[in-house]
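The points below are meant as a colleague's reading of the structure, to be followed with the model open alongside. They are numbered so that each can be checked separately.

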Amino acid sequence: MEMPKPDDAVLSNRLRIADDLRAIVPGEGVIVDEDERRPYESDGLTAYKTSPLVVVLPETVEQVSAVLRYCHENGIKVVPRGAGTSLSGGSLPLEDGVLLGLGKFNRILEVDYDNRCARVQPGVTNLAITKAVEADGFYYAPDPSSQIACSIGGNVAENSGGVHCLKYGLTTNNLLGLEVVMIDGEVIRIGGKHLDSEAYDLLGIMTGSEGLLGVVTEVTVRLLRAPETVQALLIGFPSSEQAGDCVAKVIGAGIIPGGMEMMDKPAIHAAEDFVHAGYPLDVEALLIVELDGPAQEVTHLIGSVKEIAESCGAVSLKISESEQERLGFWAGRKAAFPAVGRISPDYLCMDGTIPRHQLPKVLSRMTELSNHYGLRVANVFHAGDGNLHPLILYDANIPGELRKAEDFGGDILKLCVEVGGVLTGEHGVGVEKRDLMPAMFTEIDLAQQMRLKCAFDPDGLLNPGKVFPTLHRCAELGRMHIHKGKLPFPDIPRF
Ligand SMILES: Cc1cc2nc3c(=O)[nH]c(=O)nc-3n(C[C@H](O)[C@H](O)[C@H](O)COP(=O)(O)OP(=O)(O)OC[C@H]3O[C@@H](n4cnc5c(N)ncnc54)[C@H](O)[C@@H]3O)c2cc1C
């Protein structure tokens with residue numbers, strides 16, 4: 001994986017730059033010591049590591065603004081970072097870039113039940129929002145499995161999802177407003193507590209922008225009333241195809257469960273060994289289907305899902321009888337990633353989305369690919385959304401195995417696109433899928449998206465080397481006219 005060539009002039013000025021930044025963020029907010037920079041050298045995609053030029057941990061919006069203005073004036077790259085749990089390398093540092101950590105922005109500023117929203121700083125963890133309001137019967141719906149650690153700022157930047165996004169939408173559907181600092185230090189506010197957005201949908205553009213357009217310093221999220229009743233079904237199938245068929249039939253029957261997740265045999269065994277959730281071990285695929293709403297409706301829907309599951313060949317079926325049992329069903333799924341970490345020295349977590357009906361075809365091609373590469377794969381899906389998370393197991397200590405795992409992952413994602421799906425469901429593009437973007441987008445599509453990036457960050461200083469596999473000089477891009485798909489500046493370097 002190639003990154004933009006570091007700027008030697010910036011590298012040789014590390015100490016002066018750190019001094020300048022200390023004038024903006026005094027005390028312990030600037031880290032330059034090599035050992036102290038090490039904890040920041042990678043994110044959740046631990047296969048890649050780079051020590052940042054300097055780490056800056058501001059505490060106020062004014063400091064963020066001044067740091068960005070300084071970097072803009074001095075041509076220094078900036079990588080924003082929340083909790084560093086990105087699985088696509090979104091917050092992977094740059095050798096010649098300032099790593100801007102938002103971890104100190106960890107306060108819930110306001111809870112406003114009248115407007116059903118909360119105003120929070122970007123470093124607040126996803127789960128902390130629900131924890132702050134659950135005693136009053138409210139919650140924040142998007143729930144990534146990493147919710148105990150990941151920040152809401154990171155969720156906005158990645159447009160994160162979770163098991164409940166099938167019914168309640170992704171981050172983008174649960175956001176009302178943002179405060180964002182632009183690369184030149186200007187502070188803008190987008191949206192607010194109101195439902196309607198004004199002018200162009202800048203809120204939509206910022207959501208999922210992976211730290212390439214601006215730094216989020218405040219987030220207003222929608223709060224939902226906790227449902228009256230929640231129950232889950234744990235359903236085992238003799239094949240993944242039958243489980244996939246059940247998913248399609250449930251949705252086809254007009255039922256939108258609160259969550260509908262699927263795990264294959266390797267993932268079931270890893271999770272059961274780890275958290276003892278009571279999963280059946282003699283099935284090939286497991287579905288967790290959660291239904292929520294008024295008690296009568298939930299009882300009715302459970303009956304319908306049970307009927308559909310049986311018609312699809314379910315061999316085991318449990319219905320949660322208590323809140324504790326329901327949480328137990330989820331415990332294995334929520335711990336699936338760390339559980340798989342116990343059965344393999346390393347794994348790559350892929351993230352692609354397919355039309356639901358293509359699941360059987362994709363699963364059988366994945367088995368062929370697994371045999372071809374000689375690498376095991378454990379599958380965890382947000383089945384209702386068609387969002388796949390194949391975990392490719394490998395050992396980084398075996399020479400060439402990381403490369404093999406990356407190629408295997410690339411083939412899976414290309415397969416997702418081939419069957420009518422997309423390269424990512426919720427983990428973002430980052431560096432992980434950057435070079436696969438041409439499998440999904442034409443040069444014209446990519447150039448159009450880059451023009452948008454250029455409107456926000458003409459010098460390409462915010463998180464460069466991520467998302468876009470190609471041109472990064474806005475001057476050329478501005479003048480570019482692509483004729484018949486041919487690039488006018490073929491000599492401009494690509495990563
Ligand atoms: C075990 C595990 C399970 C996971 N499960 C899920 C899941 O179920 N669903 C899901 O969607 N993701 C999941 N993830 C991925 C990850 O947690 C999410 O992408 C999360 O939103 C990242 O948040 P973060 O605070 O860690 O961001 P970081 O990793 O620090 O950064 C992610 C990106 O956001 C940018 N960024 C961060 N903060 C800001 C800011 N304030 N302003 C502008 N840009 C910013 C960074 O530059 C980077 O591009 C999982 C990760 C792990 C390790």
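1. Helices and strands are here DSSP runs numbered from the N terminus, a helix being H or I over at least four residues and a strand E over at least two. With elements named in that way, α6 gives the most to the shell around the ligand, contributing five residues. The model is a predicted one, and the ligand shell should be read with that in mind.

2. The shell around the ligand holds 36 residues, of which Gly82, Gly90, Gly153, Gly154 and Gly211 come nearest. The elements that supply two or more residues to it are β3, α6 (152-158) and β10 (215-222). By class, the shell residues divide into 19 polar, twelve nonpolar and five charged.

3. The strand β3 also belongs to an open sheet of four strands, ordered β1-β2-β4-β3, in which the pairing is mixed. The edge strands are β1 (30-31) and β3 (77-81), each of which pairs on one side only. Between β1 and β2 (residues 54-56) the pairing is antiparallel and runs over two bridges, with isoleucine 31 standing opposite valine 55 of β2. Helix α2 (residues 14-24) lies across β1 and β2, and runs at about 10° to β2.

4. A second open sheet, of five strands in the order β5-β6-β10-β8-β9, is antiparallel in its pairing. Its edges are β5 and β9 (187-191), each of which has a single partner strand, so one side of each is left without a neighbour in the sheet. From one strand to the next, the twist averages 10°. The strand β10 of this sheet is among the elements that give two or more residues to the ligand shell.

5. At the β5 edge, strand β5 (residues 108-112) is joined to strand β6 (residues 117-120) by four bridges, the two running antiparallel. Within this pairing, valine 111 has alanine 118 of β6 as its bridge partner, while glutamate 110 is partnered by arginine 119. The hairpin that β5 and β6 form has four residues between the strands, and in it arginine 116 takes a positive phi near 50°.

6. Two further residues with positive phi deserve a look in the model. Glutamate 210, which is not a glycine, has a phi near 55° and sits in the loop between α8 (202-206) and β10. Is glutamate 210 buried or exposed? It counts as buried, because 21 C-beta neighbours lie inside 10 Å, and the threshold for that class is 20 or more.

7. Histidine 276 likewise is not a glycine, yet has a positive phi of about 50°; its place is the loop between α10 (265-275) and β14 (285-293). Histidine 276 is exposed, because 11 other C-beta atoms lie within 10 Å, where the exposed class takes residues with 12 or fewer.

8. Strand β14 is mostly covered, with eight of its nine residues buried. It pairs antiparallel with strand β12 (residues 229-237) over nine bridges, in which isoleucine 235 stands opposite leucine 287 of β14. Strand β13 (residues 259-264) is also antiparallel to β14, to which six bridges join it, and here methionine 260 faces valine 289 of β14.

9. Which residues touch the most other members of the largest nonpolar core? In this core of 129 residues they are Val56, Val221, Leu286, Leu287, Val289 and Ile392. For valine 289, the contacts beyond neighbours within four places in sequence are Ala232, Leu233, Ile235, Val250, Pro257, Met260 and Val305. Among these contacts is methionine 260, the residue that stands opposite valine 289 in the pairing with β14.

10. A last point concerns valine 10, found in helix α1 (residues 8-12). Valine 10 counts as partly exposed, because it has 19 C-beta neighbours inside 10 Å, whereas a buried residue needs 20 or more. Not counting residues up to four places away in sequence, valine 10 touches Leu53, Ile76 and Asp96. From valine 10 to valine 250 the separation is 240 residues in sequence and 56 Å in space, C-alpha to C-alpha; valine 250 itself is one of the contacts of valine 289.

How values were computed
Residues are numbered from 1 along each chain as its sequence is written. This is a predicted model: local features need pLDDT of at least 70, side-chain atom pairs count only at pLDDT 80 or more; totals for chains, interfaces and linings use all residues. A nonpolar core is a set of buried Ala, Val, Leu, Ile, Met, Phe, Trp, Tyr and Cys residues joined through C-beta atoms within 7 Å. Two residues are in contact if their C-beta atoms, placed from the backbone, lie within 7 Å. Two strands pair if DSSP finds at least two bridges between them. Axes are lines fitted to C-alpha atoms, for helices over the stretch in contact, and angles run from 0 to 180 degrees between N-to-C directions. A residue is near a molecule or strand if its C-beta atom, placed from the backbone, lies within 6 Å of it. Ala, Val, Leu, Ile, Met, Phe, Trp, Tyr, Cys and Pro count as nonpolar, Asp, Glu, Lys and Arg as charged, and the others, Gly among them, as polar.
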